[in-house]
Amino acid sequence: MLIHLPIIILTSLHPTPIADTAPKFDIARECQFGSKEEQKRCTDEETQARDQLQTEWIQFSSQR
């Protein structure tokens, strides 16, 4: 009976996916509300934040 225990344990483990790049969001969709000026400001800020995150992404560890 105990011989099947390692098989049960291994099949119950789920691999954790690790992203090589920062997640991509639909900025235009997130910034679609408000006036044209607010939409442009939102899009510019979100693009700048995404670019900064992308350059820093490799610094983050995949360990929990």
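How much surface does the chain expose, and what share of it do carbon and sulfur atoms supply? The chain exposes about 6300 Å², and carbon and sulfur atoms supply 59% of that area, where accessible areas come from the Shrake-Rupley method with a 1.4 Å probe and, for residues, only the protein chains shown count as cover. This is a predicted model, in which local features need pLDDT of at least 70 and side-chain atom pairs count only at pLDDT 80 or more, while totals for chains, interfaces and linings use all residues. Residues are numbered from 1 along each chain as its sequence is written, and side-chain values use heavy atoms, with hydrogens and water left out.

Along the sequence the chain follows the pattern α-α-α, with 3 helices and 0 strands; helices (H or I, at least four residues) and strands (E, at least two) are DSSP runs numbered from the N terminus. Of the 64 residues, 5% count as buried, a word that here means under 20% relative accessible area, whereas exposed means over 50% and partly exposed lies in between (1.4 Å probe, protein chains only).

The structure holds 1 disulfide, that is, a pair of cysteine sulfur atoms within 2.5 Å. It joins Cys31 to Cys42, with an S to S distance of 2.0 Å, and the link of Cys31 and Cys42 is left-handed, with -65° about the S-S bond. Because Cys31 lies in the loop between α2 and α3 while Cys42 lies in helix α3, the pair ties together parts that are 11 residues apart in sequence. Cys31 is buried, with a relative accessible area of 3%, whereas Cys42, at 22% relative accessibility, counts as partly exposed.

On the surface, Asp26, Glu30, Glu45 and Glu46 gather in a patch of negative charge. Such patches are made of residues with over 30% relative accessible area and no salt bridge, and like charges are joined within 9 Å; a salt bridge is a side-chain nitrogen of Lys or Arg within 4 Å of a carboxyl oxygen of Asp or Glu. Asp and Glu count as negative, and the place of a charge is taken as CG of Asp or CD of Glu. One member of the patch, Glu30, is found in helix α2, residues 27-30, and Glu30 is exposed, with a relative accessible area of 55%.

Helix α3, residues 36-56, contains Lys40, and Lys40 is exposed too, with a relative accessible area of 53%. Lys40 and Ala28 are 12 residues apart in sequence and 9.4 Å apart in space, C-alpha to C-alpha.

How values were computed. Patch = residues over 30% accessible without salt bridge, like charges linked within 9 Å, V, L, I, M, F, W, Y side chains within 5 Å.
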